[in-house]
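Here is a short tour of a protein fold for anyone who likes to reason from coordinates. Take a look at the sequence and the structure first, and then read on.

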Amino acid sequence: MRRRAAMLAAVAGLAMSTPLRAQPRQLELNTASRAELESLPGLGPQRVADLLAQRAQRPFADWQDLQARRLGLGAALCRRLSAAGLRIQGQAYPAGNAVPQAGASGITGSGSESESASLASSASAASAESTAPGRK
């Protein structure tokens, strides 16, 4: 009897020390049904309809493609969806991913403040040289 009680206590202790985390089931964005997508946190009926319309035009290549299509899915929501099991081409949303926004190529002024200040001072210098007395 004592031995049985000790064994039960050991099993109970092991069960208590082992975290039981349910792994989210993986759900592929390019094949998921409307109901499956609506079950994910942050995806309501309208957003799911938009996703399905985009998917019908062309399957999503990756997370960057999803965000580039301007469906209102920012990095925070993508991380949350990925944590809930959403995958694109079998891939989870990359940790720490900062998907570049349109216009972030540096051409449209997305550079640092020091770059902006440098460009402004260069423009001022060029303007001053062209208007200086004695210059043609």
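The report below goes from the whole chain to one helix, then to the nonpolar core and to two loop residues.

**The chain as a whole**

Please keep in mind that this is a predicted model. The protein chain has six helices and two strands, and their order along the sequence is α-β-α-α-α-α-β-α. Of its 136 residues, 22% are buried. The chain exposes about 9,700 Å², with carbon and sulfur atoms supplying 57% of that area. Among contacts with a separation of 6 or more, 50% join residues that are 24 or more positions apart.

**Helix α5 and its two sides**

Helix α5 spans residues 75-83, and its buried residues are L77, C78, L81 and S82. Why do they line one face of the helix? Viewed down the axis of α5, the buried residues fall within an arc of 135°, so they share one face. The general background is helpful here: an α-helix has 3.6 residues a turn, so residues three or four places apart point the same way.

What covers this buried side? The cover includes α3 (45-57), α4 (63-68) and β2 (86-87). On the face turned away from the buried side, α5 carries the exposed residues A76 and A83. After α5 comes G85, which has a positive phi, near 110°.

**The nonpolar core**

In soluble globular proteins, nonpolar side chains tend to be buried together. In this model, the largest nonpolar core has 20 residues, and those touching the most other members are L29, L37, L43, L51, L66, L73 and L86. Two or more residues of this core come from each of α3, α4 and α5.

L51 makes a good place to zoom in. Leaving aside residues up to four places away in sequence, L51 touches L29, L43, F60, L66, L71 and L73.

**Two loop residues with positive phi**

R70 and Q89 are residues other than glycine, yet each has a positive phi. Their values are set out here.

| Residue | Phi | Loop | Relative accessibility |
|---|---|---|---|
| R70 | near 55° | between α4 and α5 | 48% |
| Q89 | near 55° | between β2 and α6 (113-131) | 48% |

Are these residues buried, exposed or partly exposed? With buried meaning under 20% and exposed over 50%, R70 at 48% counts as partly exposed, and Q89 at 48% is partly exposed too.

Methods. Residues are numbered from 1 along each chain as its sequence is written. This is a predicted model: local features need pLDDT of at least 70, side-chain atom pairs count only at pLDDT 80 or more; totals for chains, interfaces and linings use all residues. Side-chain values use heavy atoms; hydrogens and water are left out. Buried means under 20% relative accessible area, exposed over 50%, partly exposed in between (1.4 Å probe, protein chains only). Helices (H or I, at least four residues) and strands (E, at least two) are DSSP runs, numbered from the N terminus. The arc is that of the directions from the helix axis to the C-beta atoms. Contact means heavy atoms within 4.5 Å. A nonpolar core is a set of buried Ala, Val, Leu, Ile, Met, Phe, Trp, Tyr and Cys residues joined through side-chain atoms within 4.5 Å. Accessible areas come from the Shrake-Rupley method with a 1.4 Å probe; for residues, only the protein chains shown count as cover.
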